[in-house]
Amino acid sequence: MLNRRDFMKLGLGACLLPAVGVSRAEAVVSEEMYVFGTLVGVDVLSRNTDAARAAIADVSHRFTQQNRDWHAWKPGALGDLNRALAGGHTHEVAPDLLPLLHQARELARASGGLFNPAIGRLVGLWGFHHDTLPVGAPPHAAAVAELVAAAPSMDDLVFDGRRVGSRNPHVQIDLGGHAKGVALNQALDRLAALGHGNALVNLGGNLAVSGSHGDRPWHIGIRHPQGEGAIASLAVSGRMAVVTSGTYERYRQDGDKRYPHIIDPRSGQPAMHVVSATVLHPDAARADVAATALVVAGSTAWPEVARKLGVNDVMIVDEAGRVQLTPGMAARVHFAEPPASVKTVEIT
Ligand code: ADP
Ligand code: MG
């Protein structure tokens with residue numbers, strides 16, 4: 001069963017279930033750290049505790065670098081690019097940032113623009129470019145409308161090798177909906193290269209696993225978007241990511257109204273109706289992007305967006321607690337308690 005204490009301790013969107021079934025020589029070596037503005041956990045199944053700890057330290061060091069290089073508003077490689085773009089200049093982008101920009105552009109196109117990492121100014125205008133959550137009235141409608149009309153897009157970027165410019169000075173890149181997925185992929189790749197092919201990485205409830213937990217799969221809980229603990233759990237093994245975007249953790253509070261941190265680029269308004277989208281896919285970066293895009297798509301349009309993004313295993317929870325699942329997801333998840341309603345939806 002779900003380990004409730006882990007949720008309390010971690011405050012995360014998902015957690016490991018208690019360890020059973022590991023052969024005596026192997027043990028799960030776990031470390032926790034605070035990166036990407038969230039609690040991060042790495043679990044490695046290993047016979048050699050020292051080697052596992054060294055590998056986790058290596059990955060943790062990379063997380064710190066990635067957080068700096070890809071950060072949406074703090075000084076770093078992406079900040080340098082954004083400053084150049086705002087000034088109408090081109091900029092030579094750090095080698096490890098460039099592939100993210102290309103991939104983000106492809107995925108933004110595939111999502112029909114619902115995932116749009118070029119809307120950094122809108123995200124900032126709503127107050128989400130701070131460590132603390134914003135409070136008070138929404139930004140002025142005219143300021144929002146101006147940024148929506150400017151229509152910043154990843155397609156405004158002009159690539160010339162490592163030099164990047166923008167045709168649109170309103171482009172400000174915010175990889176908050178993508179970078180953690182990339183980091184998950186790279187962490188599992190790095191752990192595997194160091195000889196640790198059985199691992200689980202948890203970036204604030206966005207998880208990716210490789211291999212297995214000994215003679216059983218990894219067991220994962222998906223956090224309840226409207227309550228404590230898990231809404232559901234599932235077993236995963238091999239290379240797989242389970243990424244959840246929710247509106248319940250980062251939001252602007254204005255009296256009793258909450259404006260979540262995922263913004264619909266078409267209106268400039270926070271996406272209010274889907275409270276969580278979970279995507280299961282071998283590529284954590286695609287899963288991360290898709291989860292964000294599906295929250296924006298909303299409770300009717302999401303299957304079409306999932307299809308365009310090539311994700312088949314999805315769970316959506318709306319503001320009334322109603323659950324929609326694809327058949328693939330329905331076959332895998334176990335609900336902690338029966339939800340208000342559950343509907344299986346094919347991605348055609
Ligand atoms: P989390 O980072 O909490 O796991 P997401 O992956 O959904 O959640 O990313 C949300 C972040 O993505 C926001 O905080 C913001 O930085 C950025 N963002 C907000 N709206 C969009 C959007 N429509 N497209 C791309 N990125 C967005
Ligand atoms: Mg995301």
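**Exercise 1. A helix with two sides**

Which residues of helix 6 are buried? Work this out on the predicted model, then describe the side of the helix that they form and what they touch.

*Solution.*
Step 1. Go through helix 6, residues 141–150, and keep the residues with under 20% relative accessible area. You should be left with Val144, Leu147 and Ala150.
Step 2. Now look down the axis of helix 6. The buried residues fall within an arc of 125 degrees, so they line one face of the helix.
Step 3. Turn to the face pointing away from that buried side, where you will find the exposed residues Ala141, Ala142, Glu146 and Ala149. Take Ala149 as a check: its relative accessibility is 65%, and the cut-off for exposed is over 50%, so Ala149 counts as exposed.
Step 4. Look for the packing partners. The buried residues of helix 6 pack against helix 5 and strand 14 (269–270).
Step 5. Step past the end of the helix. Ala151 follows helix 6 and has a positive phi, near 45 degrees.

**Exercise 2. The magnesium site**

Find the atoms that coordinate the magnesium ion (ligand 2), and relate their residues to the chain and to burial.

*Solution.*
Step 1. List the donors: Gly177 (O), Asp288 (O), Asp288 (OD) and Thr292 (OG1), at 2.0 to 2.8 Å. Notice that Asp288 appears with both O and OD.
Step 2. Write the donor residues as a pattern along the chain. Their spacing is G-x110-D-x3-T.
Step 3. Place the last two in the secondary structure. Asp288 and Thr292 are about one helical turn apart, because they are four residues apart in helix 8 (residues 284–309).
Step 4. Check burial. Asp288 has a relative accessible area of 4% and is buried, and Thr292, at 12% relative accessibility, counts as buried too.

**Exercise 3. A covered strand**

How many of the residues of strand 10 (residues 240–246) are buried? Trace the strand's two faces and its pairings as well.

*Solution.*
Step 1. Count: seven of the seven residues are buried, so strand 10 is largely enclosed by the rest of the structure.
Step 2. Split the strand by face. Met240, Val242, Thr244 and Gly246 are on one side, Ala241, Val243 and Ser245 are on the other, and both faces are covered.
Step 3. Take the pairing with strand 7 (residues 206–210). Strand 7 and strand 10 run antiparallel and are joined by three bridges, with Ala208 standing opposite Ala241.
Step 4. Take the pairing with strand 15 (residues 274–281). Six bridges connect strand 10 and strand 15, again in the antiparallel sense, and Val242 has Leu280 as its bridge partner.

**Exercise 4. A sheet and its helices**

What is the strand order of the open sheet of three strands? Identify its edges and the helices that lie across it.

*Solution.*
Step 1. Follow the pairings to get the order 3-5-4, with antiparallel pairing.
Step 2. Find the edges: strand 3 (91–92) and strand 4 (157–160) each pair on one side only.
Step 3. Inspect one pairing. Strand 4 and strand 5 (residues 163–166) share four bridges, and Asp160 stands opposite Arg163.
Step 4. Add the helices. Helix 3 (residues 77–86) lies across strand 3, strand 4 and strand 5, at about 45 degrees to strand 5. Helix 4 (residues 98–110) lies across strand 4 and strand 5, at about 135 degrees to strand 4.

**Exercise 5. Aromatic pairs**

How many aromatic pairs does the structure hold? Give the geometry and location of each.

*Solution.*
Step 1. There are two aromatic pairs.
Step 2. Phe36 and Phe63 are 5.7 Å apart centre to centre, with 70 degrees between the planes, and form an edge-to-face pair. Phe36 sits in the loop between strand 1 (27–35) and strand 2 (38–46), and Phe63 is in helix 2 (residues 49–69), 27 residues apart. Both Phe36 and Phe63 are buried.
Step 3. For Trp126 and Tyr259, the ring centres are 5.4 Å apart and the planes are at 40 degrees, so this pair is tilted. Trp126 lies in the loop between helix 5 (120–125) and helix 6, and Tyr259 lies in strand 12 (residues 257–260), so the pair ties together parts 133 residues apart in sequence. Trp126 and Tyr259 are both buried.

Definitions and conventions:
Residues numbered from 1 in each chain as written. Chains lettered and ligands numbered in written order. Predicted model: local features only at pLDDT ≥ 70, side-chain atom pairs only at ≥ 80, totals over all residues. Heavy atoms only, no water. Donors = N, O, S within 2.8 Å, 3.2 Å for Na, K, Ca; no water. Helix = DSSP H or I, 4+ residues; strand = E, 2+ residues; numbered from the N terminus. Buried < 20%, exposed > 50% of the residue type's maximum accessible area, 1.4 Å probe, protein only. Pairing = 2+ DSSP bridges. Contact = heavy atoms within 4.5 Å. Axes fitted to C-alpha atoms, helices over the stretch in contact; angles between N-to-C directions. Phe/Tyr/Trp six-rings, centres within 6.5 Å; stacked < 30°, edge-to-face > 60°. Arc of directions from axis to C-beta.
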